[in-house]
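Here are my notes from a first pass through this one. Have the viewer open while you read, and shout if anything looks off.

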Amino acid sequence: MSNFSVGFRSSNSIKVLDLQGELDAHTASELEAAIQKCQDEQHYHIIVNGRNLQYISSAGLGVFMAYIEEVREQGGDIKIAALQPKVFNVFDLLGFPMLFDIVETEEEALSKFHDAHEEG
Amino acid sequence: MARSTYTLTIPSSTRFLEDARQFVETHAQEAEFADTAVEQFKIAVDEACTNIIEHAYKGNEDHHIDITIIIDTDRFTVRIRDEGESFDPTSYKEPNLMELAKKRRAGGFGVHIMRRLMDRVEYRTRGNVNEVRLTKFRNAEHRRNGDQA
């Protein structure tokens, strides 16, 4: 019985993944499947909403690592929004803010995608 | 305060990581560690057990992992034992985030996280038993083996 789930929403051409529960080596495959699904459907503008994510270990962080380059090569991005402080601390510990666009709210992530689209 | 010890044995499967985290959370809270420290214990124990499952036991779920919490007046130690392939900490290379992203590699962060979150991370192997000890001191003066500023 997994205590982790991923919900899908769309905002225009942007996919929003709502993470809920605890992301560890057992549940990381569910996030992997969710990001893979976005890719299969050729959605490369992805926002991960971490408002209800209670926990993350390095196995969870590894999923983001495995996909970010490929998504960016397709002209997209994975933006990470609304992390709880205790979860953000783990991202920060490994230097993820250097590599990923981590923002405070989903709205901010959406507007960054829109701004990039208008500039492009 | 006398020394207290608590033990949990889990099968070598990621399904039981949550149980390991809950076990350490319960006792770290009882030992009156701050929420931040409790969270750090949960992550460190998770990373240690994940490494044992994936590397020492190579994904074979038929083994077990023994987790013992030792609470002393000045410190809280989690001792984790396995009987799989031993880990040589001297062979460990700190991961480079940018390089891993380029290679689309996902792993190698566990040891780094444990070392960052705990005051001491010690590995030893006796016979066919490997042990990692994760320790946090109550008094900040003991932190990082005494080598902090």
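**Notes on the A/B contact and a few helices**

1. Start with the salt bridge: Arg21(B) and Asp24(A) join through their side chains, N to O, at 2.8 Å. It belongs to a set of two salt bridges that the rule finds across the interface of chain A and chain B. Keep in mind that this is a predicted model.

2. There is polar contact across that interface too, in six residue pairs, with both residues at pLDDT 80 or more. On the chain A side, S3, H2, helix H3 (85-93) and helix H4 (96-99) each bring at least two residues to the surface that touches chain B. H2(A) gives the most, with eight residues.

3. How much area do chain A and chain B bury between them? About 2200 Å², with 61% of it on carbon and sulfur atoms. Three residues, Tyr55(A), Met65(A) and Leu93(A), account for 26% of what chain A buries against chain B, more than any other three residues. In residue terms, the contact takes 25 from chain A and 26 from chain B.

4. Now helix H1 (residues 28-40) of chain A. With 13 residues at 1.5 Å a residue, a span of 18 Å is expected, and the end C-alpha atoms are indeed 18 Å apart. Its buried residues are Ala28(A), Leu31(A), Ala34(A), Ile35(A), Cys38(A) and Gln39(A). Down the axis of H1(A) they fall within an arc of 145 degrees, so they line one face of the helix. That fits the usual geometry: an α-helix has 3.6 residues a turn, so residues three or four places apart point the same way. The buried residues of H1(A) pack against strands S1 (4-11), S2 (14-23), S3 (45-56) and S4 (77-81), plus helix H2 (58-73), of chain A. After H1(A) comes Gln42(A), with a positive phi near 60 degrees.

5. Helix H5 (residues 106-119) of chain A passes the length check as well: 14 residues should span 20 Å, and the end C-alpha atoms are 20 Å apart. Glu106(A), Ala109(A), Leu110(A) and Phe113(A) are buried in H5(A). Their arc is 100 degrees, so they line one face of the helix. The face turned away from that side carries exposed Glu107(A), Glu118(A) and Glu119(A). Cover for the buried residues of H5(A) includes S1, S2, S3, S4 and strand S5 (101-103) of chain A.

6. Last, one residue in chain B: Val111(B), in helix H4 (residues 110-117). Buried or exposed? Its relative accessibility is 5%, so Val111(B) counts as buried. Leaving out residues up to four places away in sequence, Val111(B) touches Asn51(B), Phe87(B), Tyr92(B) and Tyr123(B).

Note on methods
Residues numbered from 1 in each chain as written. Chains lettered and ligands numbered in written order. Predicted model: local features only at pLDDT ≥ 70, side-chain atom pairs only at ≥ 80, totals over all residues. Heavy atoms only, no water. Helix = DSSP H or I, 4+ residues; strand = E, 2+ residues; numbered from the N terminus. Expected span 1.5 Å × (residues − 1). Buried < 20%, exposed > 50% of the residue type's maximum accessible area, 1.4 Å probe, protein only. Arc of directions from axis to C-beta. Contact = heavy atoms within 4.5 Å. Buried area = accessible area lost by both parts, 1.4 Å probe. Salt bridge = Lys/Arg side-chain N within 4 Å of Asp/Glu carboxyl O. Polar contact = N/O pair within 3.5 Å; in protein donor to acceptor, adjacent residues only side chain to side chain.
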